[in-house]
Every structure is written in C-alpha cells, then in structure tokens.
Amino acid sequence: MMLTRILGTAALAFALASCGGGSRDISGAPEVLPTIGSSGGALSNVEAKRLFGAKSFASSQSSAAFGSYAKGCMAGGAQLPETGPTWQAMRLSRNRNWAHPETIDMVKKLSAYAATQPGWAGLYVGDLSQPRGGPMLTGHRSHQIGLDADIWMLPPKSLSLSRQQRESISSISMRRANGAYVNSSWTQAHHNILKAAAKDPRVERIFVFPGAKVQMCADEKGDRSYLRKIRPWYGHHYHFHVRLACPNGVRGCVNQAPPPPGDGCADAVQWQQNILNPPPPKKRDPNAPAPKPRRELVLADLPAQCKSVLED
C-alpha cells in the first residue's frame, strides 16, 4: 500500500521538524489555476519567497486566500496580536503572525479553550503566515494562503514573556522511539486541545506525529468522528499544525482533498509499526535517472491574483 512505501524511506528518522520544511510537503494535489506567468514582467522569474518575504504588512484588499496551501498568497491578511488574554505569538522577529481572519478567530477560540485545561494558561502560537502569505524565505512549504497555524506543545505557564524571551524559549517534544509513541510529557490536556481544534467545523486537518494519533485513538472512548481530521505526519512533535478549509465564498482558493473515510487509526498503527520495524527500502533502478531537485517557486508560478496582492 502507498502508506507502507512512503514509510519505508530513510525519513523514518523524523528529520523534519518544521511543517513541510524538507523534501516533502503536506499540501495535497493542487488544482491547476491560471498563473501570473509573463504578466509579472521583470519580476516573473524572481523567486517568489524573496518578493513575499520582503513585505512587512498586509495588502489593503478584502481578505481572501488564493491558490493552494503550498502555492498561493493571501490578500487582506489579519495580524494576530502579539499577546492576548489566552495566547502569545512566538518568534516575533519572523513576522509570521498573519493569517486569514478565520484562522485568527480559530486560534483565539482554541486558546480560550486551552486556558481551561489544568496547567495551561492558554497557547503559545508559532508560525501562521507572512503578511501577504506566499512562499517563505525559510522553513515551510505550506502556510502560504493564511489557513495554516502551528501551535506549540509546550503548556504556557506565563503569558507575559518579553520579545526576547519569545525568541529564546523552545517548545518541548512529545515523542518517544522516533515518534512511535508519546513520551511522559504528553497529557490528557494535549488530547483535549487537539480534539477541540478538530471539532471546529472550519478545520480540515491537523498534522501531528504518529505516536500521538495512535495514543489518541487508544484513549478516545466517546465520539471518534473527529479523529479523521487528526493526520500523522513527519515531525510535528514540538507543535501540531492546524489547517483550515477554504472559507465559504472565497473564489480561487483550492482545498486539499478530504481525508480518507474512517477514523484513520489503523493507518496510524501501521505507520507506528513501520517506525519500530522499518520495511526494507525499495530497491532503486540503477539505470533510472536521478530525481530532479524541487525548484524554487518564482512569481510566474503563483496564481494570477497574487500579482495584485504583491503590488497593492
């Protein structure tokens, strides 16, 4: 099966600690949209990450997500305040606390719920998106259309951290045995917070390391339907990644294909077993051409609407 072939690779070591930051992405198969192409003029062949990474504030347009999670941009982005009653935005120097207003609302409501859990003052919020979305200079392949949010696994004890403290503090890992199991830092509160996020009807997927999904499957004694949204993926043991579906009425936003039917627990257990007992690697045909490295996106590759987002 496809899952087994994927897991038989060397990436079982979980080298990827950021969302889509390595040789894989978690964007799904995007729909083909009209692109900027040559209409970008002299900038058409400039790496898009350099253009969007240079923008320090949102466009003045109405809020909209254009393109797919790993090839798109965001108009009229909203900024998550650096500190709120139940959250703090982390790594402020990155200027990645921008998102579609629906994502900002989701984060605020989830943080309020987290603050009801024992030992949690709220949430430490990692990367959302850049002010105008688009490819990032470093890290993620996704997070481009303002509908992705990274939430730290570290339970906040204080919501009065200084800017400097937010640069130096680190989250904590929840994994054991290369991600096959949770470790002693995992709590029922982690389960409850991920469950609350998944039950938000706007949320389309939540990425977390396989051991966490297996543990949640084992512990859940009530309604299991939300587990369909909890998807095991590489890394994601210092944070979990919440992805919203395209907001209603937004044209030009491309959803990822829905998760497969069912709760996904059997696949998560198979993933766990492949971590513990890796299948032999698939033999490579010595005569096959070497895979081509993924090239960087240039402005011409992005949806046509992203030209006005960049120029606004």
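## Aromatic pairs

Counting ring pairs in this predicted model gives 4 aromatic pairs. Take Trp233 and Trp271: their ring centres are 6.0 Å apart and their planes meet at 65°, so this pair is edge-to-face. The cut-off behind that label is a plane angle over 60 degrees.

Where do the two partners sit along the chain? Trp233 is in the loop between strand E12 (230-232) and strand E13 (239-244), while Trp271 belongs to helix H7 (residues 265-276). They are 38 residues apart, so to speak of distant parts of the chain being linked here is fair.

## Buried or exposed?

Let's look at how much of each Trp is accessible. Trp233 has 17% relative accessibility, so it counts as buried. Trp271 comes in at 3%, and that makes Trp271 buried too. The limit used for "buried" is under 20%.

Which residues make up the aromatic cluster with Trp233? Tyr234 and Trp271 join Trp233 in one cluster.

## A charge over a ring

Another ring has a charged partner. The charged end of Arg243 sits over the ring of Tyr69, at 4.1 Å from the ring's centre.

## Two helices packing

Back to H7, the helix that holds Trp271. Helix H6 (residues 210-219) packs with H7 at about 135°, and their axes are 9 Å apart. Because of that angle, H6 is oblique to H7. The crossing of the two helices is left-handed.

Who does the touching? From H6 come Pro210, Lys213, Val214 and Cys217. On the H7 side, the contact involves Cys265, Ala268, Val269, Trp271, Gln272 and Ile275. So Trp271 turns up twice: in the edge-to-face pair with Trp233 and in the contact with H6.

How values were computed. Residues numbered from 1 in each chain as written. Predicted model: local features only at pLDDT ≥ 70, side-chain atom pairs only at ≥ 80, totals over all residues. Heavy atoms only, no water. Phe/Tyr/Trp six-rings, centres within 6.5 Å; stacked < 30°, edge-to-face > 60°. Helix = DSSP H or I, 4+ residues; strand = E, 2+ residues; numbered from the N terminus. Buried < 20%, exposed > 50% of the residue type's maximum accessible area, 1.4 Å probe, protein only. Lys NZ or Arg CZ within 6 Å of the ring centre and 35° of its normal. Axes fitted to C-alpha atoms, helices over the stretch in contact; angles between N-to-C directions. Parallel < 35°, antiparallel > 145°, perpendicular 65-115°, else oblique. Left-handed = near helix turned anticlockwise from the far one by under 90°. Contact = heavy atoms within 4.5 Å.
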